[in-house]
Every structure is written in C-alpha cells, then in structure tokens.
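Me: Please take a close look at one part of this structure, the disulfides and their surroundings, and describe them in one connected answer.

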Amino acid sequence: MQHPLKHHLTLTLLALTSLSHFPPASPLTPCRTLCGTTAINYPFSIDDGCGAPQYRSMLNCTGTDLFFMTTSGRYKVQSIDYNKQTMVVYDPAMSTCSILQPHHDFVMTDVESVVIPPSSDTIFALLNCSIDSPVLNRYKNLCFNFSGHSCDELYGGCNAFRVFRSFTNSSPPCCFTGYDTVKYMSLNILDCSHYTSFINVDGLKGIGPADWVYGMKLSYAVPDTGCGRCTRSGGACGYDTETGVMMCLCSTSMNATRECGSNGDIGGAQKLALRTKFHAFALVVGALIYFVIFI
C-alpha cells in the first residue's frame, strides 16, 4: 500500500504540472482608455509612456473633462474623430458671438503646430483691427473671403462685437484668415484687439454668425509604428519615456518591443520574470520528486 504522504505529494505534483499548461491570464495594460465619455486611443494618451511620443503630454484628464494643453492655456476637447483624424477643441478664453473676452492669443508649441495643427476648415477672424494692421496693408493677401460673409455682418450680428461699432459708428476692419497668420504674428503685431475661430466653414454659407460653430478643429496623423500588431496581441502602444523608442505595453510590469506573448520580442523585465517563475517551479517539482521516491 502506498504511503499516504507519498500519495498526497503525488497528487500535488500532478496538480502543479497541469497548472503549468494553462495559458496566462490576459494582462491589464497600464494605459487608460477613457476620460469621462471620450475614448483615448493611439496616438493619444493621458498616461506618460502611452500612445505616440510625438503627442506626449498634449492631453490632460481632469475628472471627466479632457483638455488639449498648449503654452497659451487649456482647451476643452469636445470630440475626437479617430476615423477622420480630427479633434475639436474649444478655447474658454476666446471671444465668440455671445461673449467678449479679454485680449488673448492662441499659441501652440513648434511640435504641436506640425503634428496637430488647425485644419483647413478652421477660420480665424481677427477683430477690431486698426487701419495700420499688416493684414490690411503689406500682408493683405492673408485675408480672404469667407463664404460671402463680411465684417459688417460679424459686428452687426453678434451682441458681443457690437461694442466695436460704438466708438466710430462704423465697423472697424476685420480679417478672415487661416492658422498660419496667428501662428507667426501675435494680436499685438497684427494690431487687432481680439480673435475668434469657427469650424465646418463649408456649411456656413448663408448662415448668420450667431449660429456658427465656434472652436478649432485640429488635424493629426497616426505614426506608422506597427501599433496594430501590438493591440491585436492584447497590448497597448507606448514608448520608452527616456529614449522615445516604441514599445508594446503588456501590463504594468511587462513590455515587448512589438507584441505581447512573443518570447522573441519580450522585454528584459518580462524575460527575467519568466526565468524566475521557471526556476521556482523547477525547484518545487524537484523537491516533490525527491519526497515521492525516497520517503
């Protein structure tokens, strides 16, 4: 009759051996995918080391509100369209048809102005400009006709902008222009006191300024770094925070260079973890075999 201890150890050994054949549980990636109701997908992120390095620290999640960060302030993200690769943001300090705000510039960093600039259907209106403004003289070619709308319509149709007429009983000059104008020249240089911006301009013909959609639509591109391979393996696309090299984030402690679960591509931390688990398992098995045979 088999010794009870040997029988117990034999069952334990069989149980451990069978457990080793079960696939590991799907890891939880360290990257948050929601801010409020807004999805956070590649190339964006709200966690350092996630997403694409070109978009590092551009988004900030405060409570349930998502903000686009620039050197001139925090701009509320109203929507992100990942199919059209656009993001609509709103400047809370910008003047609109219903409210006149203090003098304020919109400024992006050099990186932001390259990788996520305002789209071509975002129009900037420079308001209350002096007759000496460069956009009315040397650089008047920067101003263009906007769907048949005029300065008189803007000043007359918006309660917030009517104050500009009160000084001279006439409409001061304004300029409809693109982002490049405000990118290279501040309002002080432009000699205009305020600005406003609106989007979806192709659909605004014949519509008064009170019904325009005020804000900015930013256009971005998705870097081709093989992110699809990483996400299909259950990981999240990210990067090394020191080198900027693309990584596939498989859990809070493990990463791979291209995809999760590929032994040839796993990072050093994951290789060490796997070797440690294997050695520990081998020691347990060896001890059990010893007791089964010799005791």
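**The disulfides and a nearby topic**

Reply: Cys 175 has a relative accessibility of 1% and therefore counts as buried, and that residue is a convenient place to enter the predicted model. Its partner is Cys 143, and the two form a disulfide in which the sulfur atoms are 2.0 Å apart. The torsion about their S-S bond is about -110 degrees, so this disulfide is left-handed. Because Cys 143 lies in the loop between strand S7 (123-129) and H3 while Cys 175 belongs to strand S8, the pair ties together parts that are 32 residues apart in sequence. On the Cys 143 side the relative accessibility is 21%, so that cysteine counts as partly exposed; the cut-off that matters here is that buried means under 20% relative accessible area.

The structure holds nine disulfides, and another of them joins Cys 97 to Cys 158, with an S to S distance of 2.1 Å. About the S-S bond of Cys 97 and Cys 158 the torsion is about -105 degrees, which means that this disulfide, too, is left-handed. The pair links distant parts of the chain, 61 residues apart: Cys 97 sits in the loop between strand S6 (86-90) and helix H2 (110-115), whereas Cys 158 sits in the loop between helix H3 (151-157) and strand S8 (175-177). Cys 97 is buried, with a relative accessible area of 8%, and Cys 158, at 0% relative accessibility, also counts as buried.

A further disulfide is formed by Cys 230 and Cys 248, whose sulfur atoms are 2.1 Å apart. Here the torsion about the S-S bond is about 85 degrees, so the disulfide of Cys 230 and Cys 248 is right-handed. Since Cys 230 lies in helix H6 (residues 227-232) and Cys 248 in strand S13 (residues 246-249), this pair ties together parts that are 18 residues apart in sequence. Both Cys 230 and Cys 248 are buried.

The loop between H3 and S8, which holds Cys 158, also contains Phe 167. With a relative accessibility of 63%, Phe 167 counts as exposed, whereas Cys 158 in that loop counts as buried at 0%. Phe 167 forms a nonpolar patch on the surface together with Leu 100 and Val 163, and the accessible area of these three residues together is about 280 Å².

Notes. Residues are numbered from 1 along each chain as its sequence is written. This is a predicted model: local features need pLDDT of at least 70, side-chain atom pairs count only at pLDDT 80 or more; totals for chains, interfaces and linings use all residues. Side-chain values use heavy atoms; hydrogens and water are left out. A disulfide is a pair of cysteine sulfur atoms within 2.5 Å. Helices (H or I, at least four residues) and strands (E, at least two) are DSSP runs, numbered from the N terminus. Buried means under 20% relative accessible area, exposed over 50%, partly exposed in between (1.4 Å probe, protein chains only). Patches are made of residues with over 30% relative accessible area and no salt bridge: like charges are joined within 9 Å, nonpolar side chains (Val, Leu, Ile, Met, Phe, Trp, Tyr) within 5 Å. Accessible areas come from the Shrake-Rupley method with a 1.4 Å probe; for residues, only the protein chains shown count as cover. A salt bridge is a side-chain nitrogen of Lys or Arg within 4 Å of a carboxyl oxygen of Asp or Glu.
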